[in-house]
Amino acid sequence: EECIVVLGGPKGQAYHVSMDMLDENINTDCLEVKIIPLDENGKQKSKIEKTFLTHFNWASNQPLASAYFTLDPKTLNNSDDIPSAIEEKVVQLEGTTSEGYNIRLNGSQQNVIVRSPREHELSLHMLAPVVKDHSLYLICPMPGSLISLEAEVGQSVTAGQALATVEAMKMQNVLRAEKSGIIKSVLCKEGDHLKVDQILIEFEE
């Protein structure tokens with residue numbers, strides 16, 4: 001089995017990953033995993049990394065999966081016991097995307113895309129997605145009613161300060177400043193019915 005795994009979004013770092021059963025002369029059940037880093041043209045850019053997957057535990061629709069790896073499969077046996085020397089990796093599945101998954105590993109969040117080699121080859125001809133900078137705006141994350149607004153033009157705010165409260169599905173959601181700054185304009189008023197992604201406040205650069 002082989003696939004292309006891309007970390008960090010559509011134009012992130014790509015790896016060619018292949019998995020094969022070990023030579024029958026090695027008395028253990030595990031998979032040899034070869035990982036090849038690829039450059040922006042889909043060509044190998046550094047040496048092949050190799051590891052061995054010994055166990056994989058995941059139940060469908062569960063958020064956590066655990067995998068066990070070793071660099072030397074000859075020390076293994078066919079028992080169900082996992083030797084203490086084996087390295088365990090626990091991955092938390094936070095959601096799915098059109099091409100892959102959002103996961104968390106070792107406290108770091110990653111967007112992971114999984115493609116066939118042909119799909120990745122074709123993706124190299126696609127334009128990079130436009131990344132919009134929303135850091136200068138307070139944006140409504142859901143449709144609802146603006147029941148309170150604590151902001152005015154020229155006001156200095158600090159990161160985490162509550163600026164607005166939106167009621168949606170009978171729940172009140174407090175919207176806070178993501179960073180410190182000065183309010184440039186206020187584009188809404190209390191009582192407004194808001195749409196998702198509607199800009200409420202603009203900050204000075």
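A contact here means that heavy atoms lie within 4.5 Å. In this predicted model, contacts between residues at least 6 apart in sequence can be sorted by how far along the chain they reach, and 41% of them join residues at least 24 apart.

The secondary structure is made up of 1 helix and 16 strands. The radius of gyration is 24 Å, well over the 17 Å that the globule rule gives for 205 residues, so the protein is more spread out than a compact globule. The C-alpha trace tells its own story of dimensions, spanning about 75 × 40 × 25 Å along the principal axes.

One sheet is worth following strand by strand. This open sheet has 4 strands in the order β9-β16-β14-β11, and the pairing is antiparallel. Its edges are formed by β9 (137–139) and β11 (156–157), each of which pairs on one side only. Strand β14, residues 181–186, and strand β16, residues 199–203, are joined in the antiparallel sense over 3 bridges. For readers wishing to find this pairing in the structure, a handy place to look is Ile-183, whose bridge partner in β16 is Phe-203.

Turning to the surface, 30% of the 205 residues count as buried. The accessible surface of the protein comes to about 13,800 Å², and carbon and sulfur atoms account for 51% of that area. As for charge, there are 18 positive and 30 negative side chains. The centres of these two sets lie 5 Å apart.

Methods. Residues are numbered from 1 along each chain as its sequence is written. This is a predicted model: local features need pLDDT of at least 70, side-chain atom pairs count only at pLDDT 80 or more; totals for chains, interfaces and linings use all residues. Side-chain values use heavy atoms; hydrogens and water are left out. Two strands pair if DSSP finds at least two bridges between them. Helices (H or I, at least four residues) and strands (E, at least two) are DSSP runs, numbered from the N terminus. The radius of gyration is taken over C-alpha atoms; the globule rule is 2.2 Å times the number of residues to the power 0.38. Buried means under 20% relative accessible area, exposed over 50%, partly exposed in between (1.4 Å probe, protein chains only). Accessible areas come from the Shrake-Rupley method with a 1.4 Å probe; for residues, only the protein chains shown count as cover. Lys and Arg count as positive and Asp and Glu as negative; His and the chain ends are not counted. The place of a charge is taken as NZ of Lys, CZ of Arg, CG of Asp or CD of Glu.
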